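Open the model in your viewer and keep the sequence panel in sight. The tour goes from the whole chain to one strand, then to its neighbours and a set of rings.

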Amino acid sequence: TDPMAPEISGHIDAHERTRDVIFFENHLFASDGNGLMYVYNISDLNDVYEVNSIYTGWIVDIFIDDYFAFICYGTNVKILILSDLDNLEVIAEFGLDTGCEGIFVTNLIAYIAATSGGLKIYDIASLRNCREIGEFSPNEPERLGSFNRIEDVEVKDDYAYVASCSGGFQV
């Protein structure tokens, strides 16, 4: 509780190479180096337990909204429905023409940090028919400056904050 003096208040025996973690209600989602995503019940930190796991491929980033988990892996995005955590199900998937490093979803729009492909913007209103509606490409230096590889993206108040491994970040 004191950010100047952090303490360990619990431990979860994670699986190999935990890559990303994110919260959803009283659950923690964590990915590992073997392509599995684990769901842990963390409602009581003295009794954390695994609820479920699902193979999704090498996960780089997970974004969760009220109903779905959006998972970046390789050159693809998988979408899982979260209505029943005991029975996780991939309900949609779409591919990119480049790697997927990060994802942020708001207002039925997915903003994807697509490594050397720049920032990809997808309409996901129809989850089974997601379609690209925009992009900022590193091949357009007049638009992206010194960016050569997009690593992550966050969106707030109609602005996308984009991070590059060597070019800082842009808004």
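A residue counts as buried when its relative accessible area is under 20%. Keep that cut-off at hand; this is a predicted model.

**Whole chain.** Show the protein chain as a cartoon. You should find 1 helix and 15 strands. Colour by burial next: 47% of the 171 residues are buried. Now add the surface. The accessible area is about 9,600 Å², and carbon and sulfur atoms account for 47% of that area. For contacts between residues at least 6 apart in sequence, 32% join residues at least 24 apart.

**Strand 6.** Select residues 68-73. This strand is mostly covered, with 6 of its 6 residues buried. Turn on side chains and look along the strand. Phe68, Phe70 and Cys72 point one way. Ala69, Ile71 and Tyr73 point the other way. Both sets are buried.

**Strand 5, on one side of the pairing.** Add residues 59-64. Strand 5 runs antiparallel to strand 6, and 5 bridges join the two. To find the register, pick Ile59; its bridge partner in strand 6 is Tyr73. The two strands make a hairpin, with 3 residues between them.

**Strand 7.** Add residues 76-81. Strand 7 also pairs with strand 6 in the antiparallel sense, here over 6 bridges. Pick Phe68 and go across to Ile81, its bridge partner in strand 7. Then move to the turn. This hairpin has 2 residues between its strands, and Gly74 takes a positive phi near 55°.

**The rings.** Show the aromatic side chains. How many aromatic pairs does a search of the whole structure find? There are 7. Start with Phe63 and Phe70. Their ring centres are 6.5 Å apart and their planes meet at 50°, so this pair is tilted. Phe70 has a relative accessible area of 1%, so it is buried. Phe63, at 14% relative accessibility, counts as buried too.

Stay on Phe63 and select Phe104. Here the ring centres are 4.9 Å apart and the planes lie at 55°, so this pair is tilted. The pair links distant parts of the chain: Phe63 sits in strand 5 and Phe104 in strand 9 (residues 102-106), 41 residues apart. Phe104 is buried, as is Phe63.

**Last stop.** Select Phe63, Tyr67, Phe68, Phe70 and Phe104 together. Ring pairs link these residues into a cluster. Two members, Phe68 and Phe70, point the same way from strand 6.

Conventions
Residues numbered from 1 in each chain as written. Predicted model: local features only at pLDDT ≥ 70, side-chain atom pairs only at ≥ 80, totals over all residues. Heavy atoms only, no water. Helix = DSSP H or I, 4+ residues; strand = E, 2+ residues; numbered from the N terminus. Buried < 20%, exposed > 50% of the residue type's maximum accessible area, 1.4 Å probe, protein only. Contact = heavy atoms within 4.5 Å. Areas by Shrake-Rupley, 256 points an atom, 1.4 Å probe, with all protein chains shown as cover. Pairing = 2+ DSSP bridges. Phe/Tyr/Trp six-rings, centres within 6.5 Å; stacked < 30°, edge-to-face > 60°.
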